[in-house]
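Colleague: I'm new to this one and would like a close look at a single part. Could you pick a helix and walk me through where it sits?

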2 protein chains.
Amino acid sequence: MTVPANATSATNADSARTLADPDTPFAVVDVRKTRRNVERLAARADRLGVALRPHVKTAKSLDVARLLHDGTPCPVTVSTLAEAEAFADGGYTDITYAVGIDPHKLPRVLALLRRGVTLRVLLDSTEQAAFVAEASRRAGLPVPAQIEIDCDGHRGGLRPDAPALTEIGQILHDAGCLDGVLTHAGESYFACTAEEQRLAAQNERDTAVAAAERLRAAGLPVATVSVGSTPTAHAAEDLTGVTELRAGNYVFFDLVMAGLGVCRIEDLALSVVVTVIGHRPEHGWVVTDGGWMAMSRDRGTAVQAQDQGYGLVTDLDGTLVPDLVMTAASQEHGTLTARDGAHLPDLPIGTRLRILPNHACATAAQHRGYHVIDGARTTNTAPAIQTFWERVTGW
Amino acid sequence: MTVPANATSATNADSARTLADPDTPFAVVDVRKTRRNVERLAARADRLGVALRPHVKTAKSLDVARLLHDGTPCPVTVSTLAEAEAFADGGYTDITYAVGIDPHKLPRVLALLRRGVTLRVLLDSTEQAAFVAEASRRAGLPVPAQIEIDCDGHRGGLRPDAPALTEIGQILHDAGCLDGVLTHAGESYFACTAEEQRLAAQNERDTAVAAAERLRAAGLPVATVSVGSTPTAHAAEDLTGVTELRAGNYVFFDLVMAGLGVCRIEDLALSVVVTVIGHRPEHGWVVTDGGWMAMSRDRGTAVQAQDQGYGLVTDLDGTLVPDLVMTAASQEHGTLTARDGAHLPDLPIGTRLRILPNHACATAAQHRGYHVIDGARTTNTAPAIQTFWERVTGW
């Protein structure tokens, strides 16, 4: 594995290093903003009386996860078995793998269970329930399973009135595998107003609870009723009947979430430092060395009222450069343009800027890890880099 | 750095392993198709009488690069200094870094030059020329530099009649840095017909040669006249005055290139193996475990006559599943849909499929490396995995 020069040099913690030092592009996490975002949702979950099970798929970092629960392992959600294994190695013992299980992956699931990790799998078909039950019997170790419920037609899951629901529940229960139900209001990413988000949260709760009640009415025990998405987690007013809340993006937030009003732009904790490498005044372009390789191809704000291109621009200290947008990306080139004929600021070759991303999960995935700053305002110097936090990669 | 389980297990070469073995999703390279693609452009460059300088930004792999020139290092183009360093470590001594240089990166450039690597940098402003000249004088080591020429308004570069062209040439020449000119017909990715591509190639050549001639007329020596993009490299008929041809994507090709007619779908050498994890018959969806994390967010065919969604679907052996398209992606979920009301094939949970990507550069970047198959047709068994090839990552 070739280790990139601009990451390794930063792993040697050096208090003299600042955001002006590593070669660009690189990802930055503002730990002060991350902490504030984490505390905000933790306080909400407390008020709502539900456990919080953060989804670690956004940061994919044990270091970021240490901020979630005062440095001690808490229940988490993962999107890959690689994450589950890395978090198990880090001492996490209560993990939900929230992607539908395929039979091929069960040996790795069982290996984690044998290590004492409670790893829950997700499924929405009798076929999956049957092979999970069969694998559990063969292993003499029940694989805890949740039934995925569809609350808004976004992706997978069963409607709570689907005939298969109780059949799946029974298959799982007979094998000692039935843990509960899980739903995710994926369509809430398109809920543009606070009222729509409130309704999406209510629907998410109502649907999950209805599925749980139907299973219980059939005599099947339901321990976990799990709901969540970043918009609904911040909009829910009543989670009666729900046992746990999941959200992932909220640790960093991004322009999509800001566009929905779930956070403010100043809450965005992830950005990418880039350098100006050219100008095309005849087109009104400033060219940087941050393209889609650094930002991802995600254009999530394209469907929102305010399209933010590939991202908004701040100075190295995090202050927005007004009306400057990253409007185009090739692999290692980004193009910045002034919005609506605004004045293009003077940004000489070599100027460093930060780009706030559309979608934190996708942008973070383009990087091996994060240079970490504490977010304190600086005067005349670039923010100091505290350390480098690595990401879990692959599957 | 956490190593993903589905990559490490494959690095233990095991001739019994097939595409049915590693946990999905994972990237696959068909080495037979790659070799054919490589030979096709090498033969063209020979016929055109120009040197070929492949751009290694697509595969970012020393193993793939070994196919380019019978196992020996050849001239290459890179998109990051991390690639330049990795290829220098691999014995490559003739490298062009084709992204505009920023002053901060010069120490790494000089370090490579001191190792005996001829690393050329790219620039399009007097500011850049001045700091490259200054750094060369201080180091007592001229940094070879090319002037970026804009042939189609795609991104950076100077028009050949720009007043600054000869000024930049003079600054570089005075410091012993002037190597030549380079242009890239980025707009050729939107040239939909063979005739448009031919014209784009002619314009690319004409523009680069005009810039070189203008410098020469000013008494400045121009050694290198470099042109290229995958579409124009395959369309050029006359490269008189050009010294070298660059292209990157052509080693793998992708659906964007197939949509332009630059290759056939059966030439696509990169794909991603995914597993069916669910069904939503009421929506006509098959759900897989390959989302945008495995495919990237690139939707390059969205602007073509035939939008291929996030990719086309083949069986494990590489045979297209007719009219099946990956139409939606979330982080670890892909949705397959039948096109235009076609029959949705029966694809039970656990079925493995391969997805052909829109954009090979972007999809490859989502993976740590490639499981390699030889592309021979198999009967009743999944294609055997020959080995695992790692990618260079980061900057």
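Modeller: Let's call a residue buried if 20 or more other C-beta atoms lie within 10 Å of its own. In this predicted model, buried residues make up 61% of the 395 residues in chain A. The chain has 12 helices and 17 strands, and its C-alpha trace spans about 70 × 45 × 35 Å along the principal axes. Its radius of gyration is 22 Å, which agrees with the value near 21 Å for a compact globule of 395 residues.

Now for the helix: I'd pick H6 of chain A, which covers residues 126-139. Its 14 residues should span 20 Å at 1.5 Å a residue, and its end C-alpha atoms are indeed 20 Å apart. Right after H6(A) comes Gly140(A), with a positive phi near 65°.

Which residues of H6(A) are buried? They are Gln128(A), Ala129(A), Phe131(A), Val132(A), Ala133(A), Ala135(A) and Ser136(A). As a rule, an α-helix has 3.6 residues a turn, so residues three or four places apart point the same way.

And what do those buried residues pack against? In chain A, their partners are the strands S4 (94-100), S5 (118-123) and S6 (145-149), along with the helices H5 (106-114) and H7 (164-174).

The helix of that number in chain B turns up elsewhere too. Chains A and B meet in a contact that takes 56 residues from each. On the chain B side, the elements giving two or more residues include helix H6 (126-139) and strand S4 (94-100). That side divides into 21 nonpolar, 19 polar and 16 charged residues.

Note on methods
Residues numbered from 1 in each chain as written. Chains lettered and ligands numbered in written order. Predicted model: local features only at pLDDT ≥ 70, side-chain atom pairs only at ≥ 80, totals over all residues. Helix = DSSP H or I, 4+ residues; strand = E, 2+ residues; numbered from the N terminus. Rg over C-alpha atoms; globule rule 2.2 N^0.38 Å. Buried ≥ 20, exposed ≤ 12 C-beta atoms within 10 Å, placed from the backbone. Expected span 1.5 Å × (residues − 1). Contact = placed C-beta atoms within 7 Å. Nonpolar A, V, L, I, M, F, W, Y, C, P; charged D, E, K, R; others polar.
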